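Biologist: Could you walk me through the cysteines and the nonpolar cores here?
Modeller: Gladly, let's look together.

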Amino acid sequence: MEITYKDIHEFRKEELEDLFLSVEWSSGHFPDKLVVAMRNFQTVYSAWDGDRLIGMVCSMDDGIMTAYLHYMLVRPEYHHQGIGHKLLELMKEHYQSYLRIGLIAYNTELDFYESCGFKKADNASPMFITSLWT
């Protein structure tokens, strides 16, 4: 198995649907929207096993100071192989001149992100609104 990494924005909806549903993310039920979202993110790095999409990380940024990592996912059967670490390293390198890279991590993923250099805020909590019509 040789994993390759790409800096691309164009994906087939079936690839995205398969990847997102593999980690049981509800956005996988909206593959047409995911295709558009990938085109609109400033930065997208993806991991491939041959022609199979197995992971990705996507970001939005303000162009100079702050980047926000939105999607970070790797197919479960590829966990613990360094793929997620590599995807985050690509983002950290891309945004090395920025003042901050932010993300929201589920509590079960805190150890992973901390092992990649991220720190949990002591005095802040992530907040969001989920659309009722999705």
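Biologist: Is Cys-116 buried or exposed?
Modeller: First, a word on the basis: this is a predicted model, where local features need pLDDT of at least 70, side-chain atom pairs count only at pLDDT 80 or more, and totals for chains, interfaces and linings use all residues. Residues are numbered from 1 along each chain as its sequence is written, and side-chain values use heavy atoms, leaving out hydrogens and water. Buried means under 20% relative accessible area, exposed over 50% and partly exposed in between, with a 1.4 Å probe and protein chains only. Cys-116 has a relative accessible area of 4%, so the answer is buried.

Biologist: How many disulfides are there?
Modeller: A disulfide is counted when two cysteine sulfur atoms lie within 2.5 Å. For Cys-58, the closest cysteine sulfur is in Cys-116, 16 Å away, which is too far for a bond. The count is therefore zero.

Biologist: Which element gives the most residues to the largest nonpolar core?
Modeller: Such a core is a set of buried Ala, Val, Leu, Ile, Met, Phe, Trp, Tyr and Cys residues joined through side-chain atoms within 4.5 Å. The largest has 20 residues, and strands E2 (43-49), E3 (52-61) and E4 (66-74) and helix H3 (83-94) each give it two or more. Helices (H or I, at least four residues) and strands (E, at least two) are DSSP runs, numbered from the N terminus. With five residues, the top contributor is H3.

Biologist: How many residues are in the other core, the one with Trp-25?
Modeller: That core lies apart from the largest one and includes Val-23, Trp-25, Val-35 and Val-44. Its residue count is 17.
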